[in-house]
There are 2 protein chains.
Amino acid sequence: MNLKLVFYLIGILNLFLALSMTAPLTVSVLYNDGSALSILNSLFITLLAGLTLVLLFRTPNKGIRHREGMAVVALGWLSAGIFGALPFFLDGSQASYLNCLFESLSGFTTTGASIMTDVEVLPKGILFWRSLTHWLGGMGIIVMTIAILPLLGVGGMQLYKAEVPGPTADKLQPRITETAKTLWKVYLVFTGAEVILLHIGGMNLFDSFCHAFGTLATGGFSTKNASIGHYQSVYFDTVITVFMLLAGINFALHYQALTGNIKAFYKNSELRFFLGVFLLATTLVTWSIWKNNVPALAESLHLASFQAASILTTTGYTTADFEQWPSLARIILIVLIFIGGSAGSTGGSIKCIRILLLLKHTYRELRRLIHPRAVIPVKLQGKVISDDIMSSIWGFFILFLSLFIVASILLTMMGIDLTTSFTAVAATIGNIGPGLGSVGPTDSYAHLPQAAKVILILCMLLGRLEVYTVFILFVPEFWKK
Amino acid sequence: MNLKLVFYLIGILNLFLALSMTAPLTVSVLYNDGSALSILNSLFITLLAGLTLVLLFRTPNKGIRHREGMAVVALGWLSAGIFGALPFFLDGSQASYLNCLFESLSGFTTTGASIMTDVEVLPKGILFWRSLTHWLGGMGIIVMTIAILPLLGVGGMQLYKAEVPGPTADKLQPRITETAKTLWKVYLVFTGAEVILLHIGGMNLFDSFCHAFGTLATGGFSTKNASIGHYQSVYFDTVITVFMLLAGINFALHYQALTGNIKAFYKNSELRFFLGVFLLATTLVTWSIWKNNVPALAESLHLASFQAASILTTTGYTTADFEQWPSLARIILIVLIFIGGSAGSTGGSIKCIRILLLLKHTYRELRRLIHPRAVIPVKLQGKVISDDIMSSIWGFFILFLSLFIVASILLTMMGIDLTTSFTAVAATIGNIGPGLGSVGPTDSYAHLPQAAKVILILCMLLGRLEVYTVFILFVPEFWKK
């Protein structure tokens, strides 16, 4: 393990983070909201830390290997969370640094779980930073899942090795740079498009930017206490539903479609599965709330499609208090939490491709019982999926479930009720945001005990980094030469 | 598929079932409880159906092959449930035949979920039959999981191929007969021992028999409305805790221990895992109820160990209303539902061996990330577990979870609340019995809608028959020549 290189790269990351703080600083100065000094101080601290790391650990670049890649990913997110919390802390919007760290990592992991009980009183600069953490986190995820994880072979992501545009060098760096540039273009285009569409519809530019950041990153922080429900607007809901769905689709597919290869869309099994789940969930939720609460069918469909898209893509925006919905609607939303977006999107949780392959594997096992001597491969789009990849996916699945169970038990140990424990953990591992019980769509995470917040912070990180990437740090062999 | 042979064997099974009805008939006559005629009629109907099948489908015995084995297992349990429901129905203790079928299949699958709201008013003969269905079901399971499933390669049970005493012929029948005889001896010895210990402690002979049947089969039907809690006796609780744990251990291991090979016990990984889970769960539950409800520590330990053993082994006896326990205690019991007993025991659910192997596999995947080129096998007691077996276990796991999710969704569609839906399904697939919500330890399943009962009956069957065995009937290829 080349720790020097790891720290050096974390230093570089810090410099970028400091640079990105100029955006909320500008907003703060423009609106003269009184938060400029806190943001400026945060920027300097982050810059200083970055420079220190870069100068101390400057090292001849011999290229990143597997382990360094994993360490950079895990520690990089943590470091972004730690320094990203500074504006919240220095501005005094939260007295506890832990709360600020929760908010910041919730942002960078694109979770959207908040400890802010009233966001509308926050200075504009702070609010902008809060939403920007989503957007930056989303950028990081696209690079991580498409460019880094496939090469590291984490949780079956090596599947995407072949699909990603750009050169296929063995060294990580040229590949990351190339892929990142290509996919960030798509990310930028979509963000711009959503800002424009929201603004055209009458949302002010500041809120349009913040909500576009939250949508494209499938994050979920809003500038309004009632989230998107604040606007009571079918237009905004529809625009955001469409962009949440787009953000839940593999960005490599978007790139192919935008460059003319529309066929790639139709042929993609994961995309079909993702849209199939969305349509089925929307149908069931619509039926459930229409039948029980008797709003008009169109109104039910509109509420249901927004919420299904929001949970499936792990965004977490809300337009209704779905905690009051009938049990069928709630169970569907709970199931969606565990499915999540597509791999290579900014969406989190287990992800469609894995669920699809687990189901295909299971059907294969049924057929194998009938033909015990036949060799029946698991196929995706006509290609055989190797046993190694399947093994890796299974391991991921169990790690995910184990983490869910252990973290839920730890929360109940603090006297938190069952529904809150289960859904708070699911909503953070899955990077969704709101859960049920006392962390429902109308509540915040502020009232939870400190220890619970620490656990949920870990859940957000683990969920976002495909679990493996963090767990592996605890395997002793990882640190050996 | 040799359907003639399948029907012939179901006929034979019916003859045994009719024969076994002479036991409750005798009880009924001895106590002169007025149920003798209903039981006699049930016996005749079952006998007649058996004779008809045997005479109609008599076929030259060419030995059972894989598919016939599976069909006999699935249809055999169903048939036992259908005819076993007759005493309840003809006696008029339940007006609806569906309710009687629920009770009967809950018995034969050793689930112990009941639609009887007041069991203490039932005639002794009927109560005895109710408990006997557990015991007969338990016998069936021992044979099925140790002798049939390993040869069929269902859900990784082929692991046990080598461990089972008796000749290892390729044909199923001699093996089944031999293994069954050996293991039933153990089953009989344990049942006898429990009856004697309960009777010595002051329980009347009738109740001692019924509770021993319910314990050894990890069933859970009691002759008292308050289950074992009725007796308020530390002695009875302790005896039953010990026998529940014994019933949750692989009977092949018991056989080896009873014939002098005590070492097999110490060396067995699954047994160590099973006892480890039991001890950990007992500790956490004890701590949880002691800290929150402030009963004496000894009292907490006693309540916790009984309930942990009861849920882990999937028995479902209760001595306390655990629905009133703190959330930590309840979450631990919920997790135990999904673990279940050992393979080759009468316990149900996913089973310790599978959970253990899934965890080992996951740790292997973590190590493989660090050494991407190394071949690292999954081992159990020093032996390499083949990829085929692991694949089969994974398939089982997903089938189990899928069934849990789909059945829960179907229940919420009927307007049943989330807690009841989730736990009723878990408690029936896992063959436990009581759940939480409106199917908690002090409730029955009587109030659920008819359609929910049909679904839960299917869950009991699927859970008991290792899911695969029933699901496979729906794969078209299964029925082809």
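Buried here means under 20% relative accessible area, with exposed over 50% and partly exposed in between (1.4 Å probe, protein chains only). The model is predicted, so local features need pLDDT of at least 70 and side-chain atom pairs count only at pLDDT 80 or more, while totals for chains, interfaces and linings use all residues. Residues are numbered from 1 along each chain as its sequence is written, chains are lettered from A and ligands numbered from 1 in the order written, and side-chain values use heavy atoms, leaving out hydrogens and water.

**View 1. A:Phe102 meets A:Tyr445.** Searching the whole structure turns up 42 aromatic pairs over all chains (Phe, Tyr and six-membered Trp rings with centres within 6.5 Å; planes under 30 degrees apart are stacked, over 60 edge-to-face, the rest tilted). This one is tilted, at 5.6 Å centre to centre and 40° between the planes. A:Phe102 sits in helix H6 and A:Tyr445 in the loop between helices H18 and H19, so the pair ties together parts 343 residues apart in sequence (helices are DSSP runs of H or I, at least four residues, numbered from the N terminus). Both rings are tucked away: A:Phe102 is buried at 0%, and A:Tyr445 is buried at 2%.

**View 2. A:Phe396 pairs with A:Tyr468.** Another tilted pair, with 6.4 Å between centres and 45° between planes. A:Tyr468 is buried, with a relative accessible area of 0%, and A:Phe396 is buried at 1%.

**View 3. An arginine over a ring, in chains A and B.** A:Arg354 lies over the face of A:Phe396, 3.6 Å from the ring centre (CZ of Arg or NZ of Lys within 6 Å of the centre and within 35 degrees of the ring normal). In chain B, the charged end of B:Arg354 sits over B:Phe396, 3.6 Å from its centre.

Conventions:
Helix = DSSP H or I, 4+ residues; strand = E, 2+ residues; numbered from the N terminus.
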